[in-house]
Amino acid sequence: MSTALYSWSRLGLRTAAAAAGVEGPPTKLVFVVTKRCHSRCVYCDIWKVKDTPGGLDDELTLAEIRSLAAANPFLQWIDFTGGEPTDRPDFVEVVQAFAAACPDLLLVHFPTNGIATKRIDQVVAQLQATVRARLVVTVSIDGPPELNDRLRGIRNDFAHAVDTLAALRRRLGPDQLFVGMTLHGHKGSCGLTTSELVEQTFAAINDALAVREEPPIGWGSFHLNIPHLSQHYYGNSASEAKDGFGGPAHRAEVAAALRLAASKPKAGYSGMRAIERIYRSEALRYLATGKTHITCSALLSTAYLSEKGAVYPCTIWDRPLGNVRQSGFALLPIIEAARREGVRQAVIEGRCPNCWTPCEAYPAIGASPLRSLAAFVRGG
Ligand code: SF4
Ligand code: SF4
């Protein structure tokens, strides 16, 4: 059996074990590699960390990250996030450390603000040349040019992001490169509905690509994200709450936008499209009721690690569990202690903030085959 086939088989077996409730090591880690970021988004306070005295002190060093990778060789899927991951000067070495220490590592994803096109392109080129795992990149664009630049606080941010998209599509296939648009309540301030903004953003991206003599992206490459609050990650609980975020009107707008995107024609068919149908179906349920039928995988098959080594159940729940600096960089003792304390049971029973973020939703879909099948059939 080839190495990749063996690793995929292991991921399949471990996902099946998680579906049966077997609590083993996590398959997926969301790892904040840095809180450096040169965007100035109105809905996220991470960019302020670098301007806060001592804010960037104590981020895990490369030597510590190498120890972390060596202590957790079971990881198969890592979301390297930030901040802007490529703002960390040794980001390539960070990913390489996990690739070297985790023999079954299959998926490496990172989001990017797309500001520093040349550097981001170089990072992707270096990762492609040295890391065997499949690389997936999401470029963040949150509206048509004027709105995007206002929301993200950077002049010409939209143009930079499209430049980055154009550069990366020469290296990555269509199933490795996506645009991510988060549907924040702030967008209503320009007088358009969220659905109209989604249509305008998609059209503006393709107009900008046409100016660069690049072919258009399809709706299959354009991902819409439900926004969430997270004090320990985004630090946005106060800034979002004042704009009607998460209220009934905002939820209805987000649901309409998800239905709009679902109605758009998409080329081909793939397993990823099936997963997205399930994600959307449950997202619509979540927006209507605040709950999903698919049980979250946090502390079953996923975990979250901050840039300073703190372990949390996920991106959203501000529930610190321990620090890898006190566990020899091993995740499992911290996760097992949390399970013993009933934190995993709290997730199962919905006694957490409840959310439906792609970070946690995609592994949860794999670990809940019957409910996922029902969501697929229901559609949305
Ligand atoms: S949303 Fe992303 S790009 Fe914007 S400030 Fe936060 S980390 Fe930076
Ligand atoms: S459902 Fe709960 S534990 Fe799972 S990601 Fe959301 S807040 Fe975290």
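# Helices, ligands and turns in a predicted model

Visitor: What covers the buried residues of helix 4?

Guide: Both helices and strands take part in this cover, among them helix 3 (91-101) and strand 3 (107-112). The model is a predicted one. The cover of helix 4 also includes strand 4 (134-140) and helix 6.

Visitor: Do the buried residues of helix 4 lie on one face or on opposite faces?

Guide: The residues in question are Ile120, Val123, Val124 and Leu127. Viewed down the axis of helix 4, they fall within an arc of 95 degrees, so they line one face of the helix. In general, an α-helix has 3.6 residues a turn, so residues three or four places apart point the same way. For helix 4, then, the arc of 95 degrees gives one face.

Visitor: Which exposed residues does helix 4 carry on the face turned away from its buried side?

Guide: The buried side of helix 4 is made of Ile120, Val123, Val124 and Leu127. The face turned away from that side carries the exposed residues Lys118 and Ala129.

Visitor: How many Å apart are the end C-alpha atoms of helix 4?

Guide: Helix 4 covers residues 117-130, which is 14 residues. At 1.5 Å a residue, the expected span is 20 Å, and the model agrees with this, because the end C-alpha atoms are apart by 20 Å.

Visitor: What arc do the buried residues of helix 7 cover around its axis?

Guide: Helix 7 has as its buried residues Thr194, Leu197, Val198, Thr201, Phe202, Ile205 and Ala208. They sit on the same side of helix 7, because around the axis they cover an arc of only 135 degrees.

Visitor: What covers the buried residues of helix 7?

Guide: Helix 7 runs over residues 194-211, and the distance between its end C-alpha atoms, 26 Å, agrees with the span expected for 18 residues. Its face turned away from the buried side has the exposed residues Ala203, Ala210 and Val211. The cover over the buried residues includes strand 5 (177-182), strand 6 (222-225), helix 9 (248-263) and helix 6 (157-168).

Visitor: Which residue just after helix 7 takes a positive phi?

Guide: The residue is found in the loop between helix 7 and strand 6. Its phi is about 55 degrees, although it is not a glycine. It counts as exposed, because 7 other C-beta atoms lie within 10 Å, and 12 or fewer is the limit for that class. The residue is Glu213.

Visitor: Is Phe329 buried or exposed?

Guide: Phe329 lies in the loop between strand 9 (322-323) and helix 11 (332-340). Its phi is positive, about 70 degrees, although Phe329 is not a glycine. A residue needs 20 or more C-beta neighbours within 10 Å to count as buried. Phe329 has 20 such neighbours, so it counts as buried.

Visitor: How far apart in space are Glu349 and Glu213, C-alpha to C-alpha?

Guide: Glu349 belongs to the loop between helix 12 (343-348) and helix 13 (358-367). Glu349 counts as exposed, because it has 10 C-beta neighbours inside 10 Å. In sequence, Glu349 and Glu213 are 136 residues apart, and in space their C-alpha atoms are apart by 52 Å.

Visitor: What is the omega of the cis peptide bond that joins Gly82 and Gly83?

Guide: Gly83 is placed in the loop between strand 2 (77-81) and helix 3. Both Gly82 and Gly83 are among the residues that surround ligand 1. The cis bond that joins them has an omega of about 20 degrees.

Visitor: How many nonpolar residues are in the shell around ligand 2?

Guide: The residues around ligand 2 include Cys296, Cys314, Cys352 and Cys355, and also Trp317, Asn354 and Glu360. The shell holds 1 polar and 1 charged residue, and its nonpolar residues number 10.

Visitor: What is the radius of gyration of the protein chain?

Guide: The chain has 14 helices and 9 strands, and its C-alpha atoms fill a box of roughly 50 × 50 × 45 Å along the principal axes. Of its 380 residues, 46% count as buried. A compact globule with 380 residues would have a radius of gyration near 21 Å, and the chain agrees with this because its own value is 20 Å.

Definitions and conventions. Residues are numbered from 1 along each chain as its sequence is written. Chains are lettered from A and ligands numbered from 1 in the order in which they are written. This is a predicted model: local features need pLDDT of at least 70, side-chain atom pairs count only at pLDDT 80 or more; totals for chains, interfaces and linings use all residues. Helices (H or I, at least four residues) and strands (E, at least two) are DSSP runs, numbered from the N terminus. The radius of gyration is taken over C-alpha atoms; the globule rule is 2.2 Å times the number of residues to the power 0.38. A residue is near a molecule or strand if its C-beta atom, placed from the backbone, lies within 6 Å of it. Ala, Val, Leu, Ile, Met, Phe, Trp, Tyr, Cys and Pro count as nonpolar, Asp, Glu, Lys and Arg as charged, and the others, Gly among them, as polar. The expected span of a helix is 1.5 Å times one less than its number of residues. The arc is that of the directions from the helix axis to the C-beta atoms. Two residues are in contact if their C-beta atoms, placed from the backbone, lie within 7 Å.
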